[in-house]
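Reader: I would like a close look at one strand and what surrounds it. Please keep the sentences short and explain each term as it comes up.

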Amino acid sequence: QVQLVESGGGLVQAGGSLRLSCAASGRTFSRYAMGWFRQAPGKERELVACISSGGSTYYADSVKGRFTISRDIAKITVYLQTNSLKPEDTAVYYCAAGNPPFRVRDVDYWGQGTQVTVTS
């Protein structure tokens, strides 16, 4: 069993930055790939970034060069550093634990979500 708790969302102006954190509990944390999805009103949930148990990363084209995902095994935490934020990044961001290729249906555990709002 894995429990995920996100923090770090908020309101920021375009061009600003936020660091999202996802604290995980459960001894099997290191076995899972971890990732961040987001869902804007009226849109489907989409994968933003993920990181494998071995440290390989994937980013959606829309966030490449602006977002960075990392994980701290000792702290059992996954981070998403978001830079150069744009209004279109506004969404609820969800932490997830699952398996490659990390589609929505590959996720075993979800966090409760944290709101990110970017104003122009």
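Author: Here is a walk along one strand, then on to its surroundings.

The model is predicted, so local features need pLDDT of at least 70, side-chain atom pairs count only at pLDDT 80 or more, and totals for chains, interfaces and linings use all residues. Residues are numbered from 1 along each chain as its sequence is written, and side-chain values use heavy atoms, with hydrogens and water left out.

The strand is β9, residues 91-98. Strands (E, at least two residues) and helices (H or I, at least four) are DSSP runs, numbered from the N terminus. Is β9 enclosed, and why? Seven of its eight residues are buried, so β9 is largely enclosed by the rest of the structure. Buried means under 20% relative accessible area, exposed means over 50%, and partly exposed lies in between, with a 1.4 Å probe and protein chains only.

Next, the partners. Two strands pair if DSSP finds at least two bridges between them. β9 pairs with β4 over seven bridges, in the antiparallel sense. Here Ala33 has Gly98 of β9 as its bridge partner. β11 also runs antiparallel to β9, joined by three bridges. Tyr93 faces Thr114 of β11. Strand β10, residues 107-110, pairs with β9 too, antiparallel and over three bridges. There Ala96 is matched with Trp110 in β10.

Now the packing. A nonpolar core is a set of buried Ala, Val, Leu, Ile, Met, Phe, Trp, Tyr and Cys residues joined through side-chain atoms within 4.5 Å. The largest one has 30 residues, and Tyr93 is among those with the most contacts inside it, along with Leu4, Met34, Trp36, Ile69 and Leu80. β9 gives two or more residues to this core, as do β3, β4, β5, β7, β8 and β11. A second, separate core has seven residues, including Ala96, Phe37, Cys50 and Val107. Leu80 reaches Tyr93: leaving aside neighbours within four places in sequence, its contacts (heavy atoms within 4.5 Å) include Tyr93, Trp36 and Ile69.

Then come the loops at the two ends of β9. Ser84 sits in the loop between β8 and β9. Its phi is positive, about 50°, although Ser84 is not a glycine. Ser84 is partly exposed, at 40% relative accessible area. The loop between β9 and β10 holds Pro101. The peptide bond from Pro100 to Pro101 is cis, with omega near 0°. Phe102 is in the loop between β9 and β10 as well. Phe102 has a positive phi of about 70° and is not a glycine. Is Phe102 buried or exposed? Phe102 is buried, with a relative accessible area of 2%.

One last stop is Arg71, in strand β7. Arg71 is buried yet has no salt bridge, and the nearest side chain of opposite charge, Asp72, is 8.7 Å away. A salt bridge is a side-chain nitrogen of Lys or Arg within 4 Å of a carboxyl oxygen of Asp or Glu. For charge, Lys and Arg count as positive, Asp and Glu as negative, and His and the chain ends are not counted. What does the side chain of Arg71 reach? It reaches the backbone oxygen of Ser52 at 3.2 Å. The backbone oxygen of Tyr32 lies 3.0 Å from a polar atom of the Arg71 side chain.

How values were computed:
Polar contact = N/O pair within 3.5 Å; in protein donor to acceptor, adjacent residues only side chain to side chain.
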